[in-house]
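Work through the exercises below with the model open. Try each task before you read its solution.

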Amino acid sequence: MGAGHNGLVAAAYLARAGLHVAVVEADEVLGGAVSTVERWPGVRVDRGSSAHVMIRHSGIVEELELERFGLRYVDCDPWGFAPAPVPGDPGPDGRPLVFSKDLDATCASIAAACGDADAAAYRRFVEVWRPRSRAVVAAFGDRPAPSRLVRHFWPIGSARPRTSGGDIAVDFLGSGDSLLDRWFTSERLKAALAWFGAQSGPPMSEPGTAAMIGWAALLHDVPPGHPVGGSGRLTEALAARVVADGGGVHLGDAAVRLLTDGGRVTGVETASGRRFTAPVVVAACHVGATRALAGDAAPPALAAADPPVGNGFGLVLRALTDAPPSYPGAGAESLQGLQLLCTDRAQLARAHGDFLAGELPREPVPLAMSFSASDPTLAPPGQHVVTVWGQWYPYALADGRDWDALADDAAAALVAAVDRYAPGFAQSVQRLHVQTPVALERELRLPRGNVMHVEMGLASMFSLRPTPALAGQRVPGLAGLYLAGASVHPGGGVQGNSGRTAARLVLGDRTRLGRLRRRAARR
């Protein structure tokens with residue numbers, strides 16, 4: 001149930017193993033939040049994600065041979081760009097910061113903008129956090145059982161030079177801001193890395209966010225990528241893989257009810273009245289939607305599941321422009337990856353504080369992406385697609401104002417925030433598609449507009465996600481039902497790990513059941 005990327009990953013692994021697989025999806029568009037549509041004539045625009053980070057470290061693309069099915073990535077290299085301060089920003093004027101896959105080039109940029117000491121500290125930071133972040137990657141690709149987490153993280157403490165368990169615990173359980181303050185002196189460098197780390201949702205002032213900063217170390221191995229033709233090329237390749245292995249993908253026919261009998265699933269009924277009978281159902285939709293589909297048949301663990309969804313997440317602008325953003329003192333290197341338009345962490349703190357108060361940010365903090373600069377398939381010659389992400393926009397506003405009435409003003413403020421660092425950007429905008437938190441809920445079926453399904457704070461991760469009872473991705477009391485999607489470990493973002501883990505559980509359980517049946521037959 002669900003043709004987002006996690007559902008399609010699960011389906012692809014199961015179909016490859018020889019199982020008969022059908023994917024049902026309510027939307028007429030494939031891919032959920034990993035999809036691309038022709039928003040304007042000849043212009044391909046992503047509906048959700050644009051830069052793919054985690055899936056490029058998971059091994060899924062290679063294991064499923066998705067390049068055979070048309071997937072091709074353009075490396076985002078440089079993967080990050082932070083502009084020089086503009087008048088009114090704290091700190092002296094300087095050069096932009098450019099984060100390249102090449103560590104030497106990155107350190108040279110940091111030295112020029114922030115000084116030699118911070119450049120040397122960043123090099124050491126990457127050396128220390130690279131193995132730690134690889135352990136996080138391994139843990140994300142596995143079930144979140146405590147014994148498995150220990151197995152993945154234990155080698156960190158034995159690496160030389162040895163780091164005490166206490167120091168490692170402080171790093172992983174501490175805040176991203178504390179980590180940055182221990183390593184660096186330049187506020188500009190701290191702000192860029194904090195804005196990168198905050199893309200998972202929580203501000204870097206919260207406990208347990210240090211690892212989000214540490215993820216940057218891995219981008220010097222494999223940078224983020226943008227699929228040629230748009231983000232949806234990933235899910236199109238996954239669907240093609242499912243079909244090639246004998247499966248089916250059915251769009252525009254939503255699951256409306258789980259079929260059950262005697263405490264186990266027997267299939268799914270869809271909106272068209274069709275019934276798919278099956279001993280296994282993988283629910284790759286929001287855990288709340290799964291609970292509703294089970295209805296009265298939901299066992300206690302599912303019926304009681306009410307993980308924190310939060311009050312929205314962000315506002316997205318999809319702009320058709322006649323030129324990409326132009327940052328003073330920077331060239332094409334600024335357009336390849338994530339444009340981290342923040343020069344002081346106080347900007348992030350104010351935006352998050354307004355969000356907690358149920359207010360629009362007084363000073364929006366943008367992240368811009370301009371992938372049409374390196375992918376001409378997205379727009380006609382002379383035109384560009386620019387995505388602007390503004391984080392910490394509340395779904396429900398404290399004063400009860402209507403998002404439909406606010407959308408244009410909020411979009412104009414976010415465009416102006418980009419224009420502050422890239423003068424002329426506002427004038428370049430020809431068309432604008434605004435995705436408010438309410439619009440994200442409507443179009444992509446994301447409750448309260450939360451692109452991560454469930455909050456990504458420390459209390460909702462690993463064996464606590466979405467609840468301790470459901471963290472294993474099997475549903476106790478309803479045999480044959482497995483959970484995938486961003487609601488479960490390891491959470492949101494384009495990674496596919498929960499889909500692959502669900503498929504592994506299904507295949508492992510079938511193997512064990514087959515063994516038991518063979519033993520019983522021999523008695």
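Four exercises follow, each with a worked solution.

The model is predicted: local features need pLDDT of at least 70, side-chain atom pairs count only at pLDDT 80 or more, and totals for chains, interfaces and linings use all residues. Residues are numbered from 1 along each chain as its sequence is written, and side-chain values use heavy atoms, with hydrogens and water left out.

**Exercise 1. Describe the sheet formed by strands 9, 10 and 11.**

Solution.
- Start with the elements: strands (E, at least two residues) and helices (H or I, at least four) are DSSP runs, numbered from the N terminus.
- Strands of a sheet pair through backbone hydrogen bonds, either parallel or antiparallel.
- Read the order: this open sheet of three strands runs 9-10-11, with antiparallel pairing.
- Find the edges. Strand 9 (255-261) and strand 11 (275-277) each have a single partner strand, so one side of each has no neighbour in the sheet.
- Add the twist: from one strand to the next, it averages 25°.

**Exercise 2. Follow strand 10 (residues 264-270) and its pairings.**

Solution.
- Two strands pair if DSSP finds at least two bridges between them.
- Count the bridges: six join strand 9 to strand 10, and three join strand 10 to strand 11.
- Locate V268. L258 stands opposite V268, and in strand 11 the bridge partner of V268 is F276.
- Move to G267: its bridge partner in strand 11 is T277.
- Check the turns. The hairpin of strands 9 and 10 has two residues between the strands, and G262 takes a positive phi near 60°. The hairpin of strands 10 and 11 has four residues between them, with G273 in the turn at a positive phi of about 90°.
- Check the cover: five of the seven residues of strand 10 are buried. Buried means under 20% relative accessible area, exposed over 50%, and partly exposed in between (1.4 Å probe, protein chains only).

**Exercise 3. How do helix 1 and helix 18 pack?**

Solution.
- Two packed helices are described by the angle between their axes and the distance between the axes.
- Helix 1 (residues 5-16) and helix 18 (residues 497-522) pack at about 35°, with axes 7 Å apart. Axes are lines fitted to C-alpha atoms, for helices over the stretch in contact, and angles run from 0 to 180 degrees between N-to-C directions.
- Now list the contact residues (heavy atoms within 4.5 Å). Helix 1 gives N6, V9, A10, Y13 and L14; helix 18 gives N497, S498, G499, R500, A503, V506 and L507.

**Exercise 4. Are H152 and Q495 buried or exposed, and what do they touch?**

Solution.
- Place H152: this residue is in helix 6 (residues 146-158).
- H152 counts as buried because its relative accessibility is 16%.
- The side chains of H152 and D142 make a polar contact of 2.9 Å. A polar contact is a pair of N or O atoms within 3.5 Å; within protein, one must be able to donate a hydrogen and the other to accept it, and residues adjacent in sequence count only if both atoms are side-chain atoms.
- Place Q495: the loop between strand 18 (481-483) and helix 18 holds this residue.
- Q495 is buried, at a relative accessible area of 1%.
- The side chains of Q495 and N497 make a polar contact of 2.9 Å.
- Beyond four places in sequence, Q495 touches residues including H5, M54 and F140.
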